Amino acid sequence: MSPTVAEGAYIAMRLGEALAILVGAWLLTTLLRQLVRRICLRYDIAPAFGLGLRRVLSTLIYIGALLLFLNRLGISGSVVWTTLTGFVAVGAVAFFAAWSVLSNIFCAFLILTTRPFRLYDYIELLENGDKPGLRGRVIDINFIYTTLQEIHADGEDSVLQVPNSQFFQRTTRRWRQEPAWSRVAREEAGSAADWQDAAGR
C-alpha cells in the first residue's frame, strides 16, 4: 500500500470515528431524554425540573462529544478548552460592562411608559425608608440619566444626573406642585422668575 493510500485511509478512519462520536452523542441524548421523561412521569416530578435536567445533560453530552470530535480531527482538547474559556471570560466582562448601560436604557423606557413621575415634577429619591435623599425638579429624562435641578439657599443652583435604574431600586416621593422645601429655598435664593428661567420654562 502506497503512503498516499495509507494516509487517505487514515484520514477516512479519523473522519468515520468523528462522525460516529456525533451519532453516538445524538443517540445517547435521545435515550437520556426518554429516560428522564419516564422517571418524571413515574415519580410525579415537576415538568420544569425534568426539562431543565434534560437540557443540562444534553449540553454536557454535546460538549464532551465536540471535544472528542475535535480530538479525532487532530485538534487538542486542551487548546479548544483554553480558547473557549478565554472567549467566555471576555464575553462575561463585556456583558457586565454593558449591563449598566442597557439597564438604564430599559429603565428609561419604563419611566416613559409607566410614568412614575413626569417632566417638571418635584421628586425625592429616598435613601432608606423616610431618610432624606436626592431631590429636585425633573428637567430632563434621557436614555441614561434623569436630570434633577436643585436650588440652594445661597442662590446657586445645580443639577443632579441620576441613573434611571436608581428609580427602580429605591423609593421615589413625588409632588405635583412645588413642595415647601423648594419654595423656601427659592424664596431665600431669589425671585420665582429666576427659578423658572433656570428650569428652562
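Here is a short back-and-forth about the predicted model above.

Me: What should I know about the numbering and the model before we start?
Reply: Residues are numbered from 1 along each chain as its sequence is written, and side-chain values use heavy atoms, with hydrogens and water left out. This is a predicted model, where local features need pLDDT of at least 70, side-chain atom pairs count only at pLDDT 80 or more, and totals for chains, interfaces and linings use all residues.

Me: In what order do the elements of the protein run?
Reply: Helices (H or I, at least four residues) and strands (E, at least two) are DSSP runs, numbered from the N terminus. The count comes to five helices and five strands. From the N terminus on, the order is α-α-α-β-β-β-β-β-α-α.

Me: Which elements give two or more residues to the largest nonpolar core?
Reply: A nonpolar core is a set of buried Ala, Val, Leu, Ile, Met, Phe, Trp, Tyr and Cys residues joined through side-chain atoms within 4.5 Å; buried means under 20% relative accessible area, exposed over 50%, partly exposed in between (1.4 Å probe, protein chains only). The largest one has ten residues: I111, F117, I123, L125, V138, I141, L148, L160, V162 and F167. The elements that supply two or more of them are β1 (122-126), β2 (134-141) and β4 (157-163).

Me: Which residues does L125 touch, leaving out those up to four places away in sequence?
Reply: Contact here means heavy atoms within 4.5 Å. L125 belongs to the largest nonpolar core. With that sequence filter on, its partners are G133, L134, V162, Q166, F167, R170, T171 and T172.

Me: Are C40 and C107 buried or exposed, and how many disulfides turn up?
Reply: C40 has 11% relative accessibility, so it counts as buried. C107 is at 8%, so it counts as buried too. A disulfide is a pair of cysteine sulfur atoms within 2.5 Å, and the search of the whole structure finds zero.

Me: Where is Y120, and what is its phi near?
Reply: Most residues other than glycine have a negative phi. Y120 lies in the loop between α3 and β1, and its relative accessible area is 25%, so it is partly exposed. Its phi is positive, near 75 degrees.

Me: What about R115: where is it found, and what is its phi near?
Reply: R115 is found in the loop between α3 (77-114) and β1. At 43% relative accessibility, R115 counts as partly exposed. Its phi is also a positive value, near 55 degrees.
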